[in-house]
Amino acid sequence: MANPLVELKNISIAFGGVQAVDDVSLDLYPGEVVGLLGHNGAGKSTLIKCLSGAYQRDSGTIKIDGKEADIRSPADARRYNIETIYQTLALADNLDAPANLFLGRELTTPFGMVDDAQMEAETRKIMARLNPNFRKIKEPVSALSGGQRQSVAIARAVYFNARILIMDEPTAALGVHETKMVADLIQELKAQGLGIFLISHDTREMMELCDRVSVMKNGRMVGTERVEDVTEDDILSMIILGKNPKVAA
């Protein structure tokens, strides 16, 4: 097996005396999707925000490609090729796909002008790779469906060389067809060797999309299992009871 792309070791973080994450370890390999599950307040989003640079851990280490990483901000995370796609997507509704893809990182001409033609060409290229059916390149993203908006957000991350992708509830509020579109995108990213952390409440979706699932409860790690080794009921038991039936057996 390849070396881990990401290693979170003994991560702890507290807010005002409340231990949000307590001595949690988790890893991720290239071309793998690891799902993170748990009730609201379980600590899963807080743990991942330590990787994305949104929060700073109190203790523990983060390693990228086997080397300790100093991640104190989202800009630091991007330097390690970590990109986060939040549920809100952080897209500018009034702008089209190319403007959103390059927002804050616009391509310019030799004269220092924004190069709209080059940005459109690059957007068409990345979309052809990720979602060949995407046609609404020049329409404001407010006119796009939920799945198409996800495509733009994912394309932005991939274009800027993400190797580690954090996806927070990527199919929330999407219909069946759109959920399938996002699932296909995730499979394409896996094939390209990206490592993906997927945060979701949907156990069935996790069983379909993930290679391994990790369950947290009350800030601690209940367990991490390969999806082929557990049932949906096993995962629900881990979430509700905070016990790993595979270990108990």
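**Close-up views of a predicted model**

**View A. D211 and the residues around it.** Leaving aside neighbours within four places in sequence, D211 is in contact with G31, E32, V33, K190, E225, R226 and V227. All of this comes from a predicted model, so please read each view in that light. D211 sits in the loop that runs between helix 7 (203-209) and strand 9 (212-217). Its relative accessible area is 17%, which falls under the 20% limit for a buried residue, so D211 counts as buried.

**View B. The side chains of K190 and D211.** Here we turn to one of the contacts of D211, the residue K190. K190 belongs to helix 6 (residues 176-191), whereas D211 is a loop residue. The two side chains are joined by a polar contact of 3.1 Å. Is K190 buried or exposed? With a relative accessible area of 19%, K190 is buried. Not counting residues up to four places away in sequence, K190 touches G31, V33 and D211. G31 and V33 also appear among the contacts of D211.

**View C. Strand 9 and its two partners.** Just after D211 in the sequence comes strand 9 (212-217). This strand is mostly covered, with 5 of its 6 residues buried. Strand 3 (residues 33-37) runs parallel to strand 9, and 4 bridges join them. For one position to look for, G35 has V213 of strand 9 as its bridge partner. Strand 10 (residues 220-226) pairs with strand 9 in the antiparallel sense, over 6 bridges. In that pairing, S214 stands opposite T224 of strand 10.

**View D. The hairpin of strands 9 and 10.** Which residue in the turn has a positive phi? It is N218, at about 55°. The hairpin formed by strand 9 and strand 10 has 2 residues between the strands. E225 and R226, which are among the contacts of D211, fall within strand 10 (residues 220-226).

**View E. Strand 4 between strands 1 and 5.** Strand 1 and strand 4 run antiparallel and are joined by 5 bridges. One position to find is V6, which stands opposite I64 in strand 4. Strand 4 also pairs with strand 5 (residues 67-68), again in the antiparallel sense, over 2 bridges. In this second pairing, K63 has E68 of strand 5 as its bridge partner. Strand 4 and strand 5 form a hairpin with 2 residues between them. The turn includes D65, whose phi is positive at about 55°.

**View F. K67 in strand 5.** K67 lies in strand 5. Its relative accessible area is 63%, so K67 is exposed. How far apart in space are K67 and E7? The C-alpha atoms of the two residues are 9.2 Å apart, while K67 and E7 are 60 residues apart in sequence.

**View G. The aromatic pair F15 and Y55.** A search of the whole structure finds 4 aromatic pairs. In one of them, the ring centres of F15 and Y55 are 5.1 Å apart and the planes meet at 65°, so the pair is edge-to-face. F15 lies in strand 1 (residues 6-15), and Y55 in the loop between helix 1 (44-52) and strand 4 (59-64), so this pair ties together parts that are 40 residues apart in sequence. F15 is partly exposed, at 39% relative accessibility. Y55, at 28%, is also partly exposed.

**View H. An aromatic cluster with an arginine over one ring.** For Y159 and F160, the ring centres lie 5.1 Å apart and the planes make an angle of 85°, so this pair is edge-to-face. F102 joins Y159 and F160 in one aromatic cluster. Y159 counts as partly exposed, at 23% relative accessibility. Look next for R105, which lies over the face of F160 at 3.8 Å from the ring centre.

**View I. Two buried cysteines.** How many disulfides does a search of the whole structure find? The search finds 0. C50 is buried, at 1% relative accessibility. C210 is buried too, with a relative accessible area of 5%.

Definitions and conventions:
Residues numbered from 1 in each chain as written. Predicted model: local features only at pLDDT ≥ 70, side-chain atom pairs only at ≥ 80, totals over all residues. Heavy atoms only, no water. Helix = DSSP H or I, 4+ residues; strand = E, 2+ residues; numbered from the N terminus. Buried < 20%, exposed > 50% of the residue type's maximum accessible area, 1.4 Å probe, protein only. Polar contact = N/O pair within 3.5 Å; in protein donor to acceptor, adjacent residues only side chain to side chain. Contact = heavy atoms within 4.5 Å. Phe/Tyr/Trp six-rings, centres within 6.5 Å; stacked < 30°, edge-to-face > 60°. Lys NZ or Arg CZ within 6 Å of the ring centre and 35° of its normal. Disulfide = S-S within 2.5 Å. Pairing = 2+ DSSP bridges.
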